[in-house]
Amino acid sequence: MYKMKTFFLLFNIVLLPATILSQQFKFAGEIGSFKDASSFYINSSGHIYVTDSGKDEIYKLDTTGTVLKFAGGFGWDNGSFDDPVDIFATSLTVYVCDRNNHRIQRFDKDLNFISSLSTRENENSNEQFGYPISCVTSAQGDMFILDSENNRIIKFDMFGNFIQNFGGFDYGDFALSKPVSMAVSPSNTLFFVDGNSIVLYDQFGNGISRVGTELQFKNIRINFFGVTMNTGEQIYYSTLSSKELKLMEIQLSETKSGFKIISSIIFNDKLYVLTPTRILIYEK
């Protein structure tokens, strides 16, 4: 049974109305063509990686929208997918949550298959995960997987060896109930969108803080020292430079209305917004 501990709140999350503080971005163009995009990430080299659940494929694009490589197709063999729902990329490696195949697939930066990790059929229930919906790696190479079947996080080392699980039903105030997305900061703090709450853990699974909001965030992304969160209609941004996480509402101008926001990332002062069919680009 998890024993509650007392921790200092490393972050105090404050939601700032647009009338107080906001950032405005101007529409600059769009790239990509997808059937039903589910996730994207931009690595430190500026390459864009996208999962398309509609085609069970993944793509590598440059910032002009040129498709440099794609991989996948429906199936359960290595390199195939059954609902790739999330993607995370470092400068050298790409990780994909292959949801209905209950595994994480690892590729190199050019989308060549390297390995897969699946534990749903393992005898040890502590390390089992099913229907993974989000994953990240720490600066040390440890992998954290959001196990939607059991509403918890499973941690493995860089070689795929099980380390621990946390955030499950026995985790008291830090138990996850409806987790949908996760991100990791440069200091290895883990951020989770859990229903209408933002939950933070350290890299060892200790709960740091849980803050409720009035918004139903769908996705969270951290790139360098900035965090972006979005609902299906609105985007919020904050830096990670202080202990007070001030979420500023982003105002989008001169763009088409009525599109659904899947995910969003700020990279090199540009805002990239993933919709089901394309990536919209905005400038300050």
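By strands I mean DSSP runs of E of at least two residues, and two strands pair if DSSP finds at least two bridges between them. With those terms fixed, I shall present this structure, which is a predicted model.

Let me start with the hairpin for which the terms are needed. Strands β13 and β14 form a hairpin with five residues between the strands, and in this hairpin Gly160 takes a positive phi near 85°. The pairing of β13 with β14 is antiparallel and runs over four bridges. Within it, Ile153 stands opposite Phe166 of β14.

On its other bridge, Ile153 is the partner of Leu146. That second pairing joins β12, residues 143-147, to β13, residues 152-156, again in the antiparallel sense, and it extends over five bridges.

These strands belong to an open sheet of four, whose order is β11-β12-β13-β14, with antiparallel pairing. The edges are β11, at 132-137, and β14, at 162-166, each of which pairs on one side only. On average, neighbouring strands in this sheet are turned by 20° against each other, direction ignored. As a general reminder, strands of a sheet pair through backbone hydrogen bonds, either parallel or antiparallel.

I now turn to the protein as a whole. The secondary structure comprises zero helices and 25 strands. The protein has 284 residues, of which 55% count as buried. Of the contacts with a separation of 6 or more, 49% are between residues 24 or more positions apart. The exposed area is about 12700 Å², and carbon and sulfur atoms supply 49% of that area.

Next, Met182, which is located in strand β15, residues 179-184. Is Met182 buried or exposed? Met182 counts as buried, because its relative accessibility is 1%, against a cut-off of under 20%. Beyond its neighbours within four places in sequence, Met182 is in contact with residues including Ser134, Cys135 and Val136, and the sheet strand β11 covers 132-137. Its contacts also include Phe144, Ile145 and Leu146, and β12 spans residues 143-147. Further contacts of Met182 include Leu190, Phe191, Phe192, Ile220 and Arg221. As for distance, the C-alpha atoms of Met182 and Ile133 are 9.0 Å apart, although 49 residues separate the two in sequence.

Two nonpolar cores deserve mention. The largest holds 55 residues, and the members that touch the most other members are Ile48, Val50, Leu190, Phe192, Tyr201 and Ile279. Ile279, leaving aside neighbours within four places in sequence, is in contact with residues including Phe34, Phe40, Ile48, Val50 and Tyr272. Apart from this core lies another, of 16 residues, among them Ala183, Ile198, Val227 and Leu240.

My last residue is Ser38, in strand β3, residues 37-42. Why does Ser38 count as buried? Its relative accessibility is 18%, and the cut-off for buried is under 20%. Which side chain makes a polar contact with the side chain of Ser38? It is that of Thr51, at 2.7 Å. In addition, a polar atom of the Ser38 side chain lies 2.7 Å from the backbone oxygen of Pro84. Not counting residues up to four places away in sequence, Ser38 touches Thr51, Asp52, Ser53, Pro84, Val85, Ile262 and Leu274. Leu274 is also among the contacts of Ile279.

That concludes my presentation.

Terms used. Residues are numbered from 1 along each chain as its sequence is written. This is a predicted model: local features need pLDDT of at least 70, side-chain atom pairs count only at pLDDT 80 or more; totals for chains, interfaces and linings use all residues. Side-chain values use heavy atoms; hydrogens and water are left out. Axes are lines fitted to C-alpha atoms, for helices over the stretch in contact, and angles run from 0 to 180 degrees between N-to-C directions. Buried means under 20% relative accessible area, exposed over 50%, partly exposed in between (1.4 Å probe, protein chains only). Contact means heavy atoms within 4.5 Å. Accessible areas come from the Shrake-Rupley method with a 1.4 Å probe; for residues, only the protein chains shown count as cover. A polar contact is a pair of N or O atoms within 3.5 Å; within protein, one must be able to donate a hydrogen and the other to accept it, and residues adjacent in sequence count only if both atoms are side-chain atoms. A nonpolar core is a set of buried Ala, Val, Leu, Ile, Met, Phe, Trp, Tyr and Cys residues joined through side-chain atoms within 4.5 Å.
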